[in-house]
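Q: Please take a close look at one part of this structure and describe how its charged side chains are placed relative to the strands and helices around them.

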Amino acid sequence: MRTYPLFIVSSLAGMLAFAACGEQPNAEPTELQMARPFSEFYAKVETRPLSEIEFLAFKKHSCHQNGTPGYYCSFTYSMKAPIEHFSVLPSEGTLSGMFYSDKDGRLRFEMVIG
């Protein structure tokens, strides 16, 4: 009769260990996690090195899943940018887009239009 409780305890321990070490790709990104992928996206769109972009503020508003991997999030940003450069995106504004994990597990941002 002692093997039955031992079996249950060892099974639960195994499941907890698996859950604890497993990746959570569907976890909603935090404000801090969202800022880096957005700055990398901005650097690509503006064709500027990240060293030229100085973010002053980044504020997460909301995130939700819409049936695809990742989260559709809205946020407000503000940055210091040289005036002499033509800019695709304004130096401050509110945007929405998808935050998702790439094949290497890095969080990425993709702007959604429409």
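A: In this predicted model, the side chains of Arg-106 and Glu-40 form a salt bridge, with 2.9 Å from N to O. The two residues belong to distant parts of the chain, 66 residues apart: Arg-106 sits in the loop between β3 and β4, and Glu-40 in helix α2. Arg-106 has a relative accessibility of 36% and is therefore partly exposed. Glu-40 has a relative accessible area of 17%, so this residue counts as buried, the cut-off for that class being under 20%.

The pair is part of a network of salt bridges that links Arg-36, Glu-40, Asp-102, Arg-106 and Arg-108. Within this group, Arg-108 forms a salt bridge with Asp-102, and their closest N and O atoms are 3.1 Å apart. Arg-108 is partly exposed, because its relative accessibility is 23%.

The strands on either side of the loop come next. Strand β3 covers residues 92-101 and strand β4 residues 107-111; the two run antiparallel and are joined by five bridges. Along this pairing, Phe-99 stands opposite Phe-109 of β4, and Gly-97 has Met-111 in β4 as its bridge partner. The hairpin of β3 and β4 has five residues between the strands, and Gly-105 takes a positive phi near 85° there.

This hairpin belongs to an open sheet of four strands, ordered β1-β2-β3-β4, with antiparallel pairing. β1 and β4 are at the edges and have a single partner strand each, so one side of each lacks a neighbour in the sheet. From one strand to the next, the twist averages 40°. Helix α2, which contributes Glu-40 to the salt bridge with Arg-106, lies across β1, β2, β3 and β4 and runs at about 115° to β1.

A search of the whole structure gives five salt bridges. One that involves the strand β1 joins the side chains of Glu-28 and Lys-60, at 2.7 Å from N to O. Glu-28 is in the loop between α1 and α2 and Lys-60 is in strand β1, so this salt bridge ties together parts that are 32 residues apart in sequence. Lys-60 counts as buried because its relative accessibility is 19%, whereas Glu-28, at 38%, counts as partly exposed.

Conventions: Residues numbered from 1 in each chain as written. Predicted model: local features only at pLDDT ≥ 70, side-chain atom pairs only at ≥ 80, totals over all residues. Heavy atoms only, no water. Pairing = 2+ DSSP bridges. Salt bridge = Lys/Arg side-chain N within 4 Å of Asp/Glu carboxyl O. Buried < 20%, exposed > 50% of the residue type's maximum accessible area, 1.4 Å probe, protein only. Axes fitted to C-alpha atoms, helices over the stretch in contact; angles between N-to-C directions. Contact = heavy atoms within 4.5 Å.
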